[in-house]
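User: Could you take a close look at one part of this protein for me? I would like to hear about the strand in the middle of the parallel pairing, and then about what surrounds that part.

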Amino acid sequence: PDSPPVLDTGSEPDPGKLAFLFCGQGSQYPNMGADLAMTFPAAREAWDELSTGRFDGAQVPLHEIVFPRPAFTESEEGRQHDQLTATEWAQPALAAACVAQLRLVTRLGLRPDCVAGHSLGELVALHAAGCFDERTLIALARRRGELMRDASQCPGAMLALATDAKEAEAQIADHGDAWIANLNTPSQTVISGTVAAIEELERSAQAAGFATHRLAASTAFHSPLVASAATRLFAALDEAAISPPRLPVYATADANQYPHDPDEIRARVTAQLSAPVRFVDQIEAMYADGVRTFVEFGAGSVLTSLVTQILAPRPHLAVSLDRRGTDGVTSLHAALSRLSTHGVALPSDALANAAGYGPAADPDPVGSPVSRPESALTIELVGSNYARPYPPPGGEKELAMPNHSPEQLPAH
């Protein structure tokens, strides 16, 4: 769960610089973003535009994977979950969810000073900074997912250790086919490696008293074992039109800001696939540059929790726009409320306008009703009584008499 902001006692809220953070693979879940899409046109339009086409070789469009038909058995629910979890679907799905939220909060008037992402989220951060458009983002996310799927044909595994990077390095020193993949918090490090190396490391780490957790990964992501996928990703990036970022983008590989040269951007995105995710260094670099407010985009609130663990007890605020198990609109309202009380300026009528309930642009001066565009979700009611008030204006004289003879009427 999100933690409350940590502020100096007695001081006024200081939002500092505002950063947008974009989640990585693993946060996805079926029907993520549905509540926002049913309430806000901006979010719905994003899904309509980005998820209705079909990828090459795909039998169904993306929206049928993210928003599956209702399941009536546990096995069917499990099948839907597994389909969305498949990396070639999870990555474009999360990218689309981020774009829907990004369109919405932009319409609400929220603007970042910088952006960053965790693994896949770095692609979304580059889009948010203006490096490429939405359709290019979805295509790159799909291709990245396909390449990671193909890389899983080289067996590997990933293990989370409840320790810092220095101790994790000591633990893997005797395991030649294991590498640090994620530095998520000062007390959580993820290791990638061959199946044999990870199994041996898991046994030795547990014997040494470390808590471990095997990740549901089919190969050793962010390690040399997926270098072949990185090489092929560069070919996809080489075909994409890439522009210099319009605001700072912090990289996960080294916590530095992305360069402006498109070829260097392509090289960094390619290298990021097999390089460790240094999320701790990334957040520390942003904090050192004056960022005090972090807003998480995507599904769930994993990054919000990680930021809190990294920066506590220093003054900061980290909020997520989505919380799994909570209504999406409620989560959005909670996030905006916390941002507002923390000093982030938001127009008072922004939510009403975004939902289509704001004042008309040119109201009639005499006060007559003003027509508004109908929502795409407005459905005309049908039925025998629709637009037929009862009783009618003329009273019982206008009521149709029952078609019965006196003999058929009840005696009472």
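Analyst: Happy to help; what follows starts with strand 2 and works outwards from there. Please keep in mind that this is a predicted model. The average pLDDT is 87, and 83% of the residues score at least 70. Residues 1-11 fall below 50, although that stretch still has 21 contacts in the model beyond near neighbours in sequence. Where pLDDT is low, the predicted coordinates should not be read in detail.

Now to the strand itself. Strand 2 covers residues 114-117, and both of its faces are covered. Cys114 and Ala116 lie on one side, Val115 and Gly117 on the other, and all of these are buried. In a regular strand the side chains alternate between the two faces of the sheet. For cysteine 114, the relative accessibility is 2%, which is why this residue counts as buried.

Strand 2 has parallel partners. Strand 1 (residues 17-22) runs parallel to strand 2 and is joined to it by 4 bridges. In this pairing, phenylalanine 22 stands opposite glycine 117. Strand 7 (residues 249-250) also runs parallel to strand 2, with 2 bridges between them. Here alanine 116 stands opposite tyrosine 250.

If you follow the chain onwards from strand 2, you come to helix 6, which spans residues 121-128. Helix 6 is mostly covered, with 7 of its 8 residues buried. The buried residues are Gly121, Glu122, Leu123, Val124, Ala125, Leu126 and His127, so the list includes Glu122 and His127 as well as Leu123 and Val124. Just after the helix, glycine 130 takes a positive phi of about 90 degrees.

Phenylalanine 22, met above in the strand pairing, also has a place in the largest nonpolar core. That core holds 103 residues, and those touching the most other members are Phe20, Phe22, Ile283, Met286, Phe294 and Phe297. Helix 5 (residues 87-107) gives the most to this core, with 12 residues. In soluble globular proteins, nonpolar side chains tend to be buried together. Phenylalanine 294 shows what such contacts look like: among the residues it touches, leaving out those up to four places away in sequence, are Ala19, Leu21, Ile283 and Met286. Val307, Leu311, Leu317, Ala318 and Val319 are also touched by phenylalanine 294.

As a bench biochemist you may wonder about the cysteines. With a disulfide taken as a pair of cysteine sulfur atoms within 2.5 Å, the count comes to 0 disulfides. Cysteine 98 is in none, and the nearest cysteine sulfur, that of cysteine 23, is 4.7 Å away. Cysteine 98 counts as buried because its relative accessibility is 1%.

Two backbone details are worth a look on the way out. In the loop between strand 1 and helix 1 (34-39) lies asparagine 31, which has a positive phi of about 70 degrees although it is not a glycine. Asparagine 31 is partly exposed, with a relative accessible area of 39%. The other detail is a cis peptide bond from alanine 312 to proline 313, with omega near 5 degrees. Proline 313 sits in the loop between helix 13 (302-311) and strand 9 (317-320).

How values were computed. Residues numbered from 1 in each chain as written. Predicted model: local features only at pLDDT ≥ 70, side-chain atom pairs only at ≥ 80, totals over all residues. Heavy atoms only, no water. Buried < 20%, exposed > 50% of the residue type's maximum accessible area, 1.4 Å probe, protein only. Core = buried A, V, L, I, M, F, W, Y, C linked by side-chain atoms within 4.5 Å. Contact = heavy atoms within 4.5 Å. Pairing = 2+ DSSP bridges. pLDDT = per-residue confidence, 0-100.
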